[in-house]
Amino acid sequence: MARCQGCHRFVKEDKEKPAVTAEIKALLPILAEGSVIEWKRVHRVPDLVYFTHERHVLGGVGCQECHGDVDQMEVLRQVSPLTMGWCLQCHKAKQAQRPAELAKLSDCLTCHK
Amino acid sequence: MSLSFERLEETVRATHRRPGPGYFLLLLLAGSLAGFGGWAYSLIVRKGLYLTGLERPGGWGNLITDFVFWVGIAHSGTLISAILFLFRAKFRTAVYRVAEMMTVFAVMTAGLYPIFHLGRPWFAYWLFPYPNDRGIWVNFRSPLIWDVFAISTYFIVSTVFLLVGVAPDAAALRDKATGWRKKLYTLLAFGWRGTDEQWRHYTRAYLFFAAFATPLVVSVHSVVSWDFAVSILPGWHSTLFPPYFVAGAILSGVAMVIVILIPLRKWLHLEEIITPTHLDMLSRLVVLTSLIVTYSYATEIATSLAEPVADPERSTFVFRMTGHYAPLFWLMVTFNCVGPSLLLIGRVRRSIRALFVISLLVNVGMWLERFNIVVTSLAHDRLPFMWRNYSPSWVEWAMTFGSFGWFFFWFLIGLKLLPPVSIAEMKEELAHGAHGPGEVAHAS
Amino acid sequence: MTDPSEKVLSRRTFLKIAGAAGVGVTAGCSPQAATQKVIPFLIPPEDIVPGTPLYYRSVCRECSASCGLTARTREGRVVKLEGNPEDPIGGGALCARGQAALQGLYAPDRFKGPMRLGSDGKLTPISWDEAEDQLGKALAAANQKGPGAIRMISRPEPGSAGSLQTAFLRAVGARSEDRIVFDPLDPAPLRAAGGVLFGRPEVPVYDLTKARSIVCFGAEIVETWVSPVEYARQLAAGRGRVGEERTRLTWVGPRLSLTGYSADSWMRARAGGELAVALGLLRWLADPAHETTNLAREVRLLFPQLARLDPAELSRRADVPWTQIELLAKELASRRPSALLGPGLSSQGEDATQLAAVVMLINLALGNLGQSVWYGLDPRKDPSSSLAEVESLLADMSAGRVEVLFVHHADPVGALPAVAGAADALGKVPLVVSFGGRPDATTSHARLVLPDHHPLEAWGDASPRLGVVNLCQPAMTPLADTRAASQVLLEVGAKLPSLAAHFPWPDFYEYTQARSETYAMLALGKFPDLVSVQRDALQRGGYYSFKLPAPTDVPELLAGAADAFLRLPSSSLRGSELDLVIFPTVLRGDGRSAELPWLREVPDTVSTVSWSPWAELSPTTAKRLGVVTGDVVAVSTSAGKTEVPAYVYPGLRNDAVALPVGFPATAVLPAARDALSGAFAFRSARAAVSPTGRRVNLPLLEGSPYQHGREILGTVSAAAPVVHRPDLSARMYKEPEHPLHRWGMVIDLDKCTGCSACIVACFAENNVPVMGPEAAVKGRYMGWIRMERYLGEEPGDALDVNMLPMLCQQCTNAPCEPVCPVYATYHTAEGLNAQVYNRCVGTRYCSNNCPYKVRTFNWRDAQFAAPLNMQLNPDVTVRSRGVMEKCTFCVQRIRFGENQARNEHRLVRDGEVTPACAQTCPAKAIVFGDLKDSDSSVARLSREGRGFRALEDLNTQPAITYLARVREKEEQ
Amino acid sequence: MPVEQGVLGSFSEPEAAARAVLALKAGGCADVRAAMPAPFPQVVAALGKRRSAIDFVTFPGALLGLLCGIGLTVGASVAWPIVTGGKPIVSIPPFVIVIFEVTVLIGSLTNLAALSLGTWHGGRPRFFPSQAQFNADRIGVFAAGADPTVAEQILRDSGAQEVSRVR
């Protein structure tokens, strides 16, 4: 939040999307008074899944691959099912490229500990 | 002809007459017993398995014992109807229908336990191989999966076997029945008209059913025995188990048939059809299987005692015979070995009362046998530090007795819907004697 | 004034965020669809990255050893404690109590804020200002009453807190003796003996790595004696090898304690006979006839007095054959240097100082001083007061001479024998102020409760030894409205106009900082600028300049000092009664944290009892009384009577009954004391034991204590240095592939002391649930590691006790795997036996088929009463009801290590990954690593001749190799 | 099903019915049909029909079951190879058990299907004047398309309780 405002505070208003600008403006006072914002949670994997963005980002998985074209969304929504099958088809595909090295991609303990 | 066709049909139809209060009392008793068991189980579902007496090392107890017991009971039916059919054993005709009904309901009972004893029964469907999003299947190396296949196959096949046998009788009943019974028997008769064409296929198909069912009977309890034999637990890990279990299953099954038939023939006035000769034959079967079981006990104990003193195998059997559970062991020996051997004496065998008591005790003994195998072995594993004795909680007992309630509930209902003896086959026997359906001199 | 820990370190701010870490702590069941709110950081603290751990160094305050520790925090909450490798005392390890300190932080019964005892006799919350005002007024009033009206009873505070307390008391007009330092397990006799013999009233520092033979006269070095982690480490350093080089340990005492389990021989002296044994040894060694080489001159001169002692009488008193004493003496004469330790709690009687002195004289005689025994390292900070002083305080209290009594983490009511009457005395004091964080027997008498921070929330420092200052810094913001006790003193001081001058420091943090300058001076001599030095010290965990002095620096025996000690005290008459032996246990310690769930859940290694006290009786005695384990027996002494369930234990003399320290022992102990040191005499009473006829289900883990000839554990000796192992060359299937790693473990049974630290560490790391006593009785203990304790087959004679830490063996041919119908357990490419909790349906077949019985089943949903749930490790799933669970070699730590390695584009280095158990093992008996890398330490050790695997003949091919215990046959 | 014309005789004794059947055949009546409460061997023999061809359905059914069993076990194990207990991914002995069960299951279900098809409407769309008693205590013999007078005579002679013409 603070990080975002670091820029947003100063960028010039976006003439095409006044609504967005208004939204952003509305956030400024909140930051000032330091009260909390309750964001609605959109993406969620069950607690029995161990997920880190780190490995996926370092593994060269683009944000859009899972989160969709967030930059195009007026309101954020979940585009991918986030089911085990969905995770696996990507994992298996990646694993097929370098089977020996990426053996763990189809190991249960990679996501379930 | 000792007994005319009409007389026969009359006697059978008589069994379907509106039952007296006694019947409904029994039904109520059975139903409420089952209900109580069900409620006890609901506690486990809601609160967890800590309500049982299970612990570490005793991961299995009453529930698995019941499971094995009921699978055992389920054996006699198909044995009598299929194997004896192939062996052309005459005495089968009068009794096999009851036995088959017993089989079906016993499997219905047994089949519940694999689900009951799960920690997370709501995931029981994971035990079936079905294509799923996660792309993960079942482990076909696990004896529990063999169970799933064996039990479900056995259930389906023996049900089909039962209904196919019923079809011609249903036709016979249909034609004189009225109201909902007419509807029911029309359904069960499956468009049966008794033409030579139908009989032509029927007799052949029946032979095949028998042929399929026979190895199935042997396989099912072998599979159940492998639940234990395949493990490495002293007292479980034994190549003797399959034959030993099958024999035991037949023993308990036939004993159960006797226990049920004796009151039944009185109550339904089937004395003319189910004669003392039949009971005599069955009791011989009991003696035979009891001897096999006795032999198995002896072999097990002898081989284990041949081991050096420190050997876990030996230790486990010594524990069985002298340890915390010893009384149960000796009761088991008395009921399964000593009791039936009395039937070698003709007088005892022919005394209905004696036969009834002995058979009843055999059933108790067989339950104890399974308890002995399951519990004592677990209680006495390889690391003495982890020895611990299991004792069932009231919840487990409730579910054990509940299972009897459940079984007899269905059985009582079944009696009033299905003909308790095969009319067609009886007629055939009456008309000619020697033959069962299928065994017919064909022109071709 | 706000609490310094918030002011100074906002980054420790605990964040109330709903799962922003994105890692779960709920059950391994199907996902919940409920929409959630997320409250991310408005302004992210610079150090906290959700999902990554953050470490702070601090100090463990569970006993006076004060080991340094490292607190691992996640999202601002401490989730695990580990030893601080830079601290010379703990050396990177923590004991069971140290590991459990974490639960003290999250204990649900912690006081939430200051409270006053209302007229209705209930504690009612008040504000800090009220509390401090009331206290200030009371002090001012009491001040008028003259000296002795204001008293304090405190646990040892060898650091800022202690000095501040002293300063404060002086400021409010109290005398120095008005501050009682209360430490039930304080080794006062050692100080006294040192004082008399050498004019050095100090606790000597031992270096057991130098000692080739160690003799413990009831000194429980594994349990609680002085510095257990350090001494367990040093003992183990001399173990794990065959032959002369291996340290021999002899245990002298009526009961085979946990320390005794590590011993090579047990001299079963009767209770109180330790002194006779010690004198016997000294006499033999000093005897010119035996020509003991280079015997200390001053000891040789003592022979005339020693000669007056009749060996026969000595051996009669000890009830040990003289030949045995001779044998030990010969061993000591030849194996130099050695270390003789004592007394310990179980041998601390009315003659404790004499025993300590004689033992020290033997050390002197053998030239151990300056080799394995050192004086001059005791910082002499806050030595505990004698029982006499405590009793005089109690007397003053009873007499109404005490107006205000501060109770600072001391529990006299709980720790002193009931006959001391601490409870009544407290009742007589108008204002009892307790700084206790959690309810205990003493705090329940407080009029004013001012809950102190948990050490993990507070600033502080402790100097257990010269050259060692462990710093205590907050690892997270306080959970409740608590306030550092020292802070309160400062604030009250500042409030009193008369005293304000004495307290220039704005808060306790400044106070410690001010002192740290002197620490830095001592540690570094000169240094550039204080700030960087302080930061560095905080990161390292303290100021360390500890080194052993030069061997020349050994104390001189004062002339005639020894004489008084060289005769046997008049023998106590022996009736039909039994000697009452009080022994400490690792898990209970001095009792200050004995109520924590982990410490109650984990079974005691010796008795395997959890959640209950027990009275040990030898099989013979038990038979005589007609009791078996679980029967309740009545134990009565001159001081009182109590009823305890019996545990039949072959490791106890027939003429003794043994009770663990604390309740109910306190109910039967007389308030006897050692004349010279004034230390409390635990070994002073004789007890009559009788069956009550009642019986209880004693929560017992052990099934059978014997191996029944199954040879589960191999042992080796110099003669036969290799364990016999079955030939498993025949293979039915080809070994599964392990392309990258094959994780494995080696456990050295010759080093393992059975101290249970690994077990508690495992509870903490893996969210292992505590199931309570009912579950324990039913055999539903959930610990992933259990200490299997096997006694020698034939009870009575020299028990060779074997301990087998049993955890999942991660078999290559795991019997548990093929029987699972749903693939919930399988063999990973890294050689782990995986358990997928969310796939498990709970058939329990795997557990049945596991020959090691190391799989535990969740019979019911585990309870983590708030705020205990804050401790849960977010990297590990909390298992739901109906699921099987077991050790995974801390797969989350393995993955963490592999992740680091991947980020640096390399493979995991040897020693980079350590499971919680291996990390905390004081004896370093557990080694973990990659078996594929043939020169990793684990691979090398697993090739040792002592190596064997549990139930190897089953061909399960475990990944754990045990190194056999070394047993030299005692040459007769 | 069209009503065919012919003569129906009902017997109480299997032997009588058998005699009638043989007589009718001898009398040049090609198509003799029977209905009875049980497959009385004498009658069946007299009719001398081929043995049922149900074998040719059931046996392939069992084979299909076998293949399904193999496909299921092997396929599922290879789809996601998971090592358990150091045993091979495709471990034959355990699979055999499952394969056997599947074989029996599918085998007997095909058998059932074959039976129901074969006996539908009395087996092959052939007319038989239905009378309840043929399921109870009488044996019906139906001479289809035969010369009524002759047939009637033959039936009477061979001891039919009652004889009726169907048209």
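Start with the second largest cavity, which has a volume of about 210 Å³. What you have open is a predicted model, so keep that in mind as you click around.

**Stop 1: the second largest cavity**

Select C:R61, C:R155, C:A161, C:D452 and C:W459: of the 19 residues that line this cavity, these are the closest to its centre. Now color strand 18 and helix 17 (485–495) of chain C, since each of the two supplies at least two residues of the lining. Sort the lining by class and you get 9 nonpolar, 5 polar and 5 charged residues.

**Stop 2: the largest cavity**

Next up is the largest cavity, with a volume of about 560 Å³. Which residues sit closest to its centre? Pick out C:S64, C:A65, C:P187, C:R191 and C:V226, from a lining of 36 residues. Keep strand 18 of chain C (residues 460–465) switched on, because here it gives the most to the lining, with 3 residues. The lining of the largest cavity splits into 15 nonpolar, 7 polar and 14 charged residues.

**Stop 3: helix 3 and helix 4 of chain B**

Move over to chain B. Two packed helices are described by the angle between their axes and the distance between the axes. Show helix 3 (residues 62–86) and helix 4 (residues 92–110) of chain B: their axes come within 7 Å and cross at roughly 150 degrees. Are they roughly parallel or antiparallel? With that angle, helix 3 and helix 4 of chain B are therefore roughly antiparallel to each other. Their crossing is left-handed.

To see who does the touching, turn on side chains. On the helix 3 side, the contact residues include B:F67, B:W70, B:V71 and B:I73. From helix 4, look for B:R92, B:V95, B:Y96 and B:A99, among others. By class, this contact divides into 15 nonpolar, 6 polar and 2 charged residues.

**Stop 4: helix 4 meets helix 6**

Leave helix 4 of chain B on screen and add helix 6 (residues 143–176) of chain B. This pair packs at an angle of about 150 degrees, with the axes 9 Å apart. The crossing of helix 4 and helix 6 of chain B is left-handed. Residues of helix 4 in this contact include B:R97, B:M101, B:V104 and B:M108, while helix 6 brings in B:I151, B:Y154, B:F155 and B:D169, among others. The contact between helix 4 and helix 6 of chain B has 10 nonpolar, 4 polar and 3 charged residues.

Try selecting B:E100, B:T103 and B:V107 too: these residues of helix 4 take part in the contact with helix 3 and in the contact with helix 6.

**Stop 5: helix 11 and helix 12 of chain B**

Now jump to helix 11 (residues 312–322) and helix 12 (residues 326–341) of chain B, whose axes come within 5 Å and cross at roughly 80 degrees. That angle makes helix 11 of chain B roughly perpendicular to helix 12 of chain B. Select B:R320, B:M321 and B:T322 in helix 11, then B:A326, B:F329 and B:W330 in helix 12, and you have the residues that meet. They come out as 4 nonpolar, 1 polar and 1 charged by class.

**Stop 6: some backbone spots**

Where is B:P57? Look in the loop between helix 2 (21–47) and helix 3 of chain B. A cis peptide bond joins B:R56 to B:P57, with omega at about 10 degrees.

Switch to chain C and find C:P867, in the loop between strand 33 (856–857) and strand 34 (884–885). The peptide bond from C:A866 to C:P867 is cis as well, and its omega is near 0 degrees.

Finish at C:Q810, in the loop between strand 30 (802–806) and strand 31 (825–827) of chain C. Its phi is near 45 degrees, a positive value in a residue other than glycine.

Notes
Residues are numbered from 1 along each chain as its sequence is written. Chains are lettered from A and ligands numbered from 1 in the order in which they are written. This is a predicted model: local features need pLDDT of at least 70, side-chain atom pairs count only at pLDDT 80 or more; totals for chains, interfaces and linings use all residues. Side-chain values use heavy atoms; hydrogens and water are left out. Axes are lines fitted to C-alpha atoms, for helices over the stretch in contact, and angles run from 0 to 180 degrees between N-to-C directions. Helices (H or I, at least four residues) and strands (E, at least two) are DSSP runs, numbered from the N terminus. Angles under 35 degrees count as roughly parallel, over 145 as roughly antiparallel, 65 to 115 as roughly perpendicular and the rest as oblique. A crossing is left-handed if the near helix is turned anticlockwise from the far one by less than a right angle, and right-handed if clockwise. Contact means heavy atoms within 4.5 Å. Ala, Val, Leu, Ile, Met, Phe, Trp, Tyr, Cys and Pro count as nonpolar, Asp, Glu, Lys and Arg as charged, and the others, Gly among them, as polar. On a 1 Å grid over the protein atoms alone, a cavity is a set of points where a 1.4 Å probe fits but cannot get out, and a pocket is an open set with protein on both sides within 12 Å along at least five of seven lines; lining residues have an atom within 4 Å of a point. Grid points are joined across faces, edges and corners, and a volume is the space filled by probe spheres set on the points.
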